[in-house]
Amino acid sequence: MISRAEPGRIRLALPNKGRLSQPAVSLLTEAGFGFEADERRLFASCSNYPLDLLFVRAEDISEYTQDGVVDLGITGTNLVVESGAVVDRWLQLGFGRCRLRLAVPSNGPFSCLEDLSGKLVATSHPRATAAFFADRGLEIGLVEIRGAVEITPLLGVADAIVDLVSTGTTLATNGLRPLETILESEAELVARPELALDRQQLADHVRMVLASVIAARDRKYLMLNAPGSAVPAIRGLLPGMGSPSVLQLADPAMVAIHAVVDAKAIWELLSPLRQLGASSILVLPIEKLIP
Ligand code: AMP
């Protein structure tokens, strides 16, 4: 039995292995929480914040959070939904993106959802699958499988599957094609409902810091010099956060412009900026962004 966190400290559970594990550790490290993690550890204490980390199976994190074993958890949307645990869903973390999809044999007889009425569907997500078909008023037989779900139609164990998909290559390799998306999933920060006030404040701070790292990952800090006469046109090109800073340079005809811009848009901006006379363009990473 794992005890609860000490008074004055909060506890966050994160996956001890699998594809959410390393990105969760990186996010906390980038956020500035100081701790030592290695694969054999169950616990780590942060040296610079009253936060203890518990490394457990991603599947167990929602229930630990619901039950108050931990105050916060990082796990996948699919696992939150599948557990049926009652947790507050605080923040989408932007990694571990995948979809829970219904797929059927590419050369099979099923072309729409209704064709699956009365058929067998294999999945390791029985709760989400049952809810999906019940919502549509269709009765199916559920075959609960732990892993390698995509092989079951080939083995004659099921007619269709519901499984996690990111690129779709595994589906195609097994002669399957997606029919419907049941759920969009990514890593999430979840919280125990009704946290006591002192814990709530500590947990809110963790949420704020993680949100600032995630916001910063999508943005870049752009600095450039330009003729003062080009400012209105350059402002029109920079739809970033709020108004850019415009600073007078020693040359009275020139200004420096600083702006926070969408990281994905940066390469498309460079040539129009140069055409407007921009020079000495610097693109810098942002560590944290607090709006
Ligand atoms: P793992 O521990 O590596 O099996 O994966 C745990 C979680 O990673 C899943 O429950 C999903 O939330 C997430 N995930 C992201 N992409 C995928 C994917 N392509 N296949 C399976 N899980 C994925």
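These questions and answers concern the ligand site of a predicted model.

Author: In this predicted model, local features need pLDDT of at least 70 and side-chain atom pairs count only at pLDDT 80 or more, while totals for chains, interfaces and linings use all residues. Residues are numbered from 1 along each chain as its sequence is written, and side-chain values use heavy atoms, with hydrogens and water left out.

Reader: What makes the pair between N78 and the ligand a polar contact?

Author: A polar contact is a pair of N or O atoms within 3.5 Å, and a polar side-chain atom of N78 lies 2.6 Å from an oxygen atom of the ligand, so this pair meets the cut-off. For S166, a polar side-chain atom is placed 2.7 Å from a nitrogen atom of the ligand, whereas R19 uses a backbone N or O atom, 2.8 Å from a ligand oxygen atom. The protein covers 75% of the 480 Å² of accessible area that the ligand has on its own (Shrake-Rupley method, 1.4 Å probe).

Reader: Which residues surround the ligand, and how do they divide into nonpolar, polar and charged?

Author: Among those around the ligand are G18, L20, G76, L79, R97, C98 and L164. The shell holds four nonpolar, five polar and two charged residues, where Leu and Cys count as nonpolar, Arg as charged, and Gly as polar.

Reader: From which domains does the shell draw at least three residues each?

Author: Those are domain 1 (10–97 + 186–216) and domain 2 (98–184), with bounds from an automatic or database domain assignment.

Methods:
Near = heavy atom within 4 Å. Polar contact = N/O pair within 3.5 Å; in protein donor to acceptor, adjacent residues only side chain to side chain.
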